[in-house]
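Hi,

Here is the structure I promised to pass on. Have a look at it first, and then read my notes below.

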Amino acid sequence: MDVKLLRIDSRLLHGQVATDWAKNTAIERILVVCDQAAGDNIRKTLLMQAAPPGIKVHVLTVSKMLRLCRDERFEHYKVLVLVETPVDAMRLIAGGLNTTSVNLGSLSFDATRKMITETIAVNEQDVLALAWVRRRGIELDYRKVSSDPKRDLWKLLCDKGLVKDKLDHDQ
């Protein structure tokens, strides 16, 4: 499977993804990987209806996505993979999804999260998952749309005092 973009966005599939990212990554399919959405028929239907013209959307569980990414029948698909959390991105990569970078669009604020930009809030689990991803040599950037300049997510986490500049094994 040719993963053109692995994006973390708590909103999953929305206008910016459907119009900008889908067009500028030259993908054929959008794979929304979210256990909760895959088990909720109403949410699943709404996500599939948000598909841009000419692009198929599939809503999958993490375990199903891991089976598909190892299946040779799907190796020619050019896909955009959307997950809701850094933990799900980590689960996919740990399970064998091949990618060189992860893009973070937005993470919604809740009582467990701290705002680090106007659209990104993280908690300890998020930071640990992002550190795990970075230790594998995978680039972390954050931006809303593809035309925005790439911004280094790791540097932002360092600047906010959430991680050390050098990755320790205990982080």
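What follows is a short tour of the sheet, the helices on it, the cores and one ring pair.

Keep in mind that this is a predicted model.

I'd start with the sheet. It is open, has seven strands in the order E3-E2-E4-E1-E5-E8-E9, and its pairing is mixed. At the edges sit E3 (56–60) and E9 (151–152), each of which pairs on one side only. E9 pairs with E8 (residues 139–142) in the antiparallel sense, over two bridges. If you want a spot to click on there, Tyr142 has Arg151 in E9 as its bridge partner.

Two helices are worth a look against that sheet. H4 packs on it and touches E2 (29–33), E3 and E4, with its direction at about 120° to that of E3. H5 packs on the sheet too, touching E1, E2, E4 and E5, and its direction makes about 155° with that of E1.

H4 (residues 62–70) and H5 (residues 86–94) also meet one another: their axes come within 10 Å and cross at roughly 35°. The crossing is right-handed. On the H4 side the contacts come from Val62, Met65 and Leu66, and on the H5 side from Asp88, Arg91 and Leu92.

Now back to E1. This strand covers residues 2–9, and six of its eight residues are buried. It runs parallel to E4 (residues 78–83), joined by six bridges, with Val3 partnered by Val79. E1 is also parallel to E5 (residues 101–106), here through three bridges, and Ile8 stands opposite Leu104.

Which residues have the most contacts inside the largest nonpolar core? They are Leu6, Met65, Val81 and Leu92, in a core of 39 residues. Leaving aside residues up to four places away in sequence, Leu6 touches Val81, Val83, Ala89, Leu92, Ile93, Leu97, Thr99, Ser101, Val102 and Asn103. There is a second, separate core of 19 residues, and Leu5, Leu13, Val17 and Val32 are among its members.

Last, the rings. The structure holds one aromatic pair: Phe74 and Tyr77, tilted, at 5.5 Å centre to centre and with 45° between the planes. Are these two buried or partly exposed? Tyr77 is buried because its relative accessible area is 17%, under the 20% limit. Phe74 counts as partly exposed because its relative accessibility is 21%.

Over to you!

Conventions: Residues numbered from 1 in each chain as written. Predicted model: local features only at pLDDT ≥ 70, side-chain atom pairs only at ≥ 80, totals over all residues. Heavy atoms only, no water. Core = buried A, V, L, I, M, F, W, Y, C linked by side-chain atoms within 4.5 Å. Buried < 20%, exposed > 50% of the residue type's maximum accessible area, 1.4 Å probe, protein only. Contact = heavy atoms within 4.5 Å. Phe/Tyr/Trp six-rings, centres within 6.5 Å; stacked < 30°, edge-to-face > 60°. Helix = DSSP H or I, 4+ residues; strand = E, 2+ residues; numbered from the N terminus. Pairing = 2+ DSSP bridges. Axes fitted to C-alpha atoms, helices over the stretch in contact; angles between N-to-C directions. Left-handed = near helix turned anticlockwise from the far one by under 90°.
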